[in-house]
Structure formats: structure tokens, C-alpha cells
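Dear colleague,

I am handing over the structure below, and after it I set out what was found in it. Please read the notes with the coordinates open beside them.

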Amino acid sequence: MCKAEQDLAVGTDAQSQKIKDPMRIILPFLLDKSIGDYDKLRIILLYIFHVNGTTEENLGKLIQHGKIAENRDIIENWKFLDVPILSSGTQHRKPVRKDRSAEESYDLSRWTPIIKDIMEDSIANKLDSHDWPHCSGCSAAWNGSGAVSARQGNKSNLPDDRRGGLKLIIFIIGGITYSEMRCAYEVSKASKCCEVIIGSTHILTPTRLLDDLNKLNK
């Protein structure tokens, strides 16, 4: 099941081949009585995100196949987070992701959280001003241009410019996953000029996320 989740999340298989029939991937898991409801919910959600929304009829069939009607709210409550579950005439714009196919990864952990793209773009001063109107004027010292303020001083004699106190602080309201925390470490390690500090209201696990979603309409 982990492989199927990665394929749907990334949109390609471990050989970088595009997923052509996502329904064929998820159906065996929905029909498997040994698989728990939350696992089935997760695979359905990944399918819906992959196809950018589904129809009311198709959603009903997926729930029926998985025999998870009592947990339907967990799927539909994504609308409170402005995530489209049912497709409409207006196509929901997916964020443009960086191509990380050349990066080393394990077959069962190929998905890279979008927060890593945001961290890297922020340090490089390349955030989209439309999506991030208040974060588009970051210090030029972050992008390696060498321009620093008088307050920051010249830290070029240090082996690691992160000692100079340049920090990118990210706080996520609503929970953070362990993989997102790992991104902060990886970006900090790769950057020679900035340390990424990330925090949140709480730590999310797959179960905690679905539990939280179940409460949104209560």
C-alpha cells in the first residue's frame, strides 16, 4: 500500500512513469476487508487529489466499495480547508512543483512536501509575489548575492554563514508532519547562508489528521 500511496502522491511510479489508471491502483485496497477504514480513506483522498477532484457519483462508488459510509465526513470536510473534493467547472490550480526526479530517494518515500519548495524559494528570494505578497522582499543575503546590510556585517570569513544569524522561521497553523520537519533540516544543511526553523501548533500523524478533519463540521 505504501508504494500505491507514493505513486498517487508523486504522480509517477518508481521508474518515473506517469500513472495512467489510478482507479486500478486503489480498487484492490478498497475491496480488501483486512485493510482498516483510515487506510482506505487515505488511499481515496490520494486518488481524489491526484485527479484534481471527482464526481459525486464516483465518490459514492468509492465509499461503497470501501464500506466506509460512516466516515464520509472525513472526505467531504476537506472543503473547509479549500481543497476541492468534487470536481467543478472551475479547475483548481495545482501548485507548480519542482522536478526532484534526479534527487536520491527511496521507492517508498519519493514524495517531497511542498513546504520544501517554499523554503528553497524563500531563501533564493524567488517566492511568487502573488501567492506570498508579504514575503517577496527577503534579504538579498539569503540568495547568495553577497549583499548584506550594515547591521548584519560581513560574515564571509566564517566557514558557515549560518552562524551570522540568518534564519528563516516558518510556523504552520494546524499541524506539521515529521517529513515537513525533515525538510527544514535538509534545506538548512544544503544552505550555507540560512538556517531554517520550523514550528507548528502540533505534530500531525496520518491518524491525527483524519481525526482533526472529522471534527471540522461538528
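**The loop between α5 and α6**

At 16% relative accessibility, Thr-112 falls under the 20% limit and therefore counts as buried. Please keep in mind throughout that this is a predicted model. Thr-112 is found in the loop between α5 and α6, and, once its neighbours within four places in sequence are left aside, its contacts are with Arg-97 and Arg-100.

Arg-97 also has its place in the loop between α5 and α6, although at 29% relative accessibility Arg-97 counts as partly exposed. With neighbours within four places in sequence again set aside, Arg-97 is in contact with Trp-111, Thr-112, Pro-113, Ile-114 and Asp-117. For one of these partners there is a distance to give: Arg-97 and Ile-114 are 17 residues apart in sequence, while their C-alpha atoms are 7.4 Å apart in space.

Phe-80 is likewise placed in the loop between α5 (72-76) and α6 (114-123), and its relative accessibility of 46% makes it partly exposed. Together with Leu-81 and Leu-216, Phe-80 makes a nonpolar surface patch of about 280 Å².

**The aromatic pair**

The structure holds one aromatic pair. The ring centres of Phe-49 and Trp-78 are 5.1 Å apart and the ring planes stand at 80 degrees, so the pair is edge-to-face. This pair links distant parts of the chain, since Phe-49 belongs to helix α3 (residues 37-51) and Trp-78 to the loop between α5 and α6, with the two positions 29 residues apart in sequence. As to cover, Phe-49 counts as partly exposed at 28% relative accessibility, whereas Trp-78 is buried, with a relative accessible area of 12%.

**The cysteines**

Why is there no bond between the sulfur of Cys-193 and the closest cysteine sulfur? The closest cysteine sulfur to that of Cys-193 is in Cys-194, and at 5.9 Å it is too far for a bond. Cys-194, for its part, is in no disulfide, its nearest cysteine sulfur being that of Cys-193. The count for the structure comes to zero disulfides. Cys-193 is buried, with a relative accessible area of 12%, and Cys-194 is buried with a value of 0%.

**Helices α1 and α6**

Helix α6 is largely enclosed by the rest of the structure, because seven of its ten residues are buried. The buried residues of α6 are Ile-115, Lys-116, Asp-117, Ile-118, Met-119, Ser-122 and Ile-123, and they pack against β1 (167-172), α7 (178-190) and β2 (195-200). Asp-117 thus appears among the buried residues of α6 and also among the contacts of Arg-97. Just after α6, Asn-125 takes a positive phi of about 60 degrees.

In helix α1 (residues 2-10), the buried residues are Ala-4, Glu-5, Gln-6, Asp-7 and Leu-8. What covers these buried residues of α1 includes α2 (22-31) and α3, and α3 is the helix that carries Phe-49 of the aromatic pair. Just after α1, Gly-11 has a positive phi of about 95 degrees.

**The protein as a whole**

How many helices and strands are there in the protein? There are eight helices and two strands, and from the N terminus on they run in the order α-α-α-α-α-α-β-α-β-α. The protein has 218 residues, of which 33% count as buried, and it exposes about 13600 Å², with carbon and sulfur atoms supplying 54% of that area. Among contacts between residues at least 6 apart in sequence, 66% join residues at least 24 apart; the aromatic pair of Phe-49 and Trp-78, 29 residues apart, links distant parts of the chain as well.

With best regards

Key
Residues are numbered from 1 along each chain as its sequence is written. This is a predicted model: local features need pLDDT of at least 70, side-chain atom pairs count only at pLDDT 80 or more; totals for chains, interfaces and linings use all residues. Side-chain values use heavy atoms; hydrogens and water are left out. Patches are made of residues with over 30% relative accessible area and no salt bridge: like charges are joined within 9 Å, nonpolar side chains (Val, Leu, Ile, Met, Phe, Trp, Tyr) within 5 Å. Accessible areas come from the Shrake-Rupley method with a 1.4 Å probe; for residues, only the protein chains shown count as cover. A salt bridge is a side-chain nitrogen of Lys or Arg within 4 Å of a carboxyl oxygen of Asp or Glu. Helices (H or I, at least four residues) and strands (E, at least two) are DSSP runs, numbered from the N terminus. Buried means under 20% relative accessible area, exposed over 50%, partly exposed in between (1.4 Å probe, protein chains only). Contact means heavy atoms within 4.5 Å. Rings of Phe, Tyr and Trp (its six-membered ring) pair if their centres lie within 6.5 Å; planes under 30 degrees apart count as stacked, over 60 as edge-to-face and the rest as tilted. A disulfide is a pair of cysteine sulfur atoms within 2.5 Å.
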